[in-house]
Amino acid sequence: MDDQHDLFRPRGLHGVDHRIVSALRACGSDPRVAGAARALSWAGEHGAVWVAAGLTGAAVDRPRRGAWLRGTALTAGAHAASSVVKRVVRRPRPAHVEPLVGTVGRHSFPSSHATSAAAAAVAFGALGARAVPPLAAAVCVSRLVAGVHYPSDVAAGAALGALTARLGARWMTGGTA
């Protein structure tokens, strides 16, 4: 590459973020991958799939109904926390790729989808919901394939969600916080 072109190429972590989201967004050129990314993004909007999973767990697993409901509350709380951080940080979404999905807001850090997905993976995974962690990972990747988040947005969101659920684990299972 020539020196002039390198002036416009982001460097450091920001450059890595750009290159990874560009590569993963390119995967979305396959209609099947794009369809899956859209569906996962839609399902994860406002943590809807995780609230539905928690309420289903509460309905089906009556002996641990309280734990399922508290896990759902932790997941929703993690999502709310990410929304607050997003309003403080105000990082713009990737502008160098065409997004596959619309977004509710214009800020990307942290990914609220990743936050609620990781919180659900930790909370519901502790209750034995084995399908939740791989689905949560797929939701996280979908945000990169959809071109609406940088990898650092997703990583920070996942860390926030996992930490939130982990901190609330005793409360979730009926102990004190």
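This is a tour of a predicted model, going from the whole chain to single residues and side-chain pairs.

Residues are numbered from 1 along each chain as its sequence is written. Because the model is predicted, local features need pLDDT of at least 70 and side-chain atom pairs count only at pLDDT 80 or more, while totals for chains, interfaces and linings use all residues, and side-chain values use heavy atoms, with hydrogens and water left out.

**The whole chain**

Begin with a cartoon view, where the secondary structure comes to 9 helices and 0 strands; helices (H or I, at least four residues) and strands (E, at least two) are DSSP runs numbered from the N terminus. The C-alpha trace spans about 65 × 35 × 25 Å along its principal axes. The radius of gyration, taken over C-alpha atoms with a globule rule of 2.2 Å times the number of residues to the power 0.38, is 17 Å, which agrees with the value near 16 Å for a compact globule of 177 residues.

Colouring by accessibility shows that buried residues make up 42% of the 177 residues, where buried means under 20% relative accessible area, exposed over 50%, and partly exposed in between (1.4 Å probe, protein chains only). Among contacts (heavy atoms within 4.5 Å) between residues at least 6 apart in sequence, 77% join residues at least 24 apart.

**Helix α8 and the cis bond**

Select V154 in helix α8 (residues 151–167), which counts as buried at 8% relative accessibility. Not counting residues up to four places away in sequence, V154 touches S111, A114, C140, R143, L144 and H149. Now add P110, which is 44 residues from V154 in sequence but 6.4 Å away in space, C-alpha to C-alpha. P110 lies in the loop between α5 and α6 (112–125), and the peptide bond leading to P110 from F109 is cis, with omega near -5°. Most residues other than glycine have a negative phi, and most peptide bonds are trans.

**Two positive phi angles**

Move next to H46, in the loop between α3 (31–44) and α4 (48–60), where phi is near 55°, a positive value in a residue other than glycine; H46 counts as exposed at 52% relative accessibility. R90, in the loop between α5 and α6, also is not a glycine and has a positive phi of about 60°, and R90 is partly exposed, with a relative accessible area of 44%.

**Inside helix α5**

Select T72 in helix α5 (residues 65–89), a buried residue with a relative accessible area of 8%. Leaving aside neighbours within four places in sequence, T72 is in contact with V51, G54, L55 and F124.

**Salt bridges**

Which side chains should be shown as sticks to see D17 in a salt bridge? A salt bridge is a side-chain nitrogen of Lys or Arg within 4 Å of a carboxyl oxygen of Asp or Glu, and a search of the whole structure finds 4 of them. Show D17 and R91, whose side chains meet at 3.0 Å, N to O. This pair links distant parts of the chain, with D17 in helix α2 (residues 12–27) and R91 in the loop between α5 and α6, 74 residues apart. D17 counts as buried at 2% relative accessibility, and R91 counts as buried at 17%. Adding D153 completes the view, as D17, R91 and D153 are linked in a network of salt bridges.

Finish with the salt bridge between D30 and R32 (2.8 Å, N to O), in which D30 is partly exposed at 23% and R32 is exposed at 68%.
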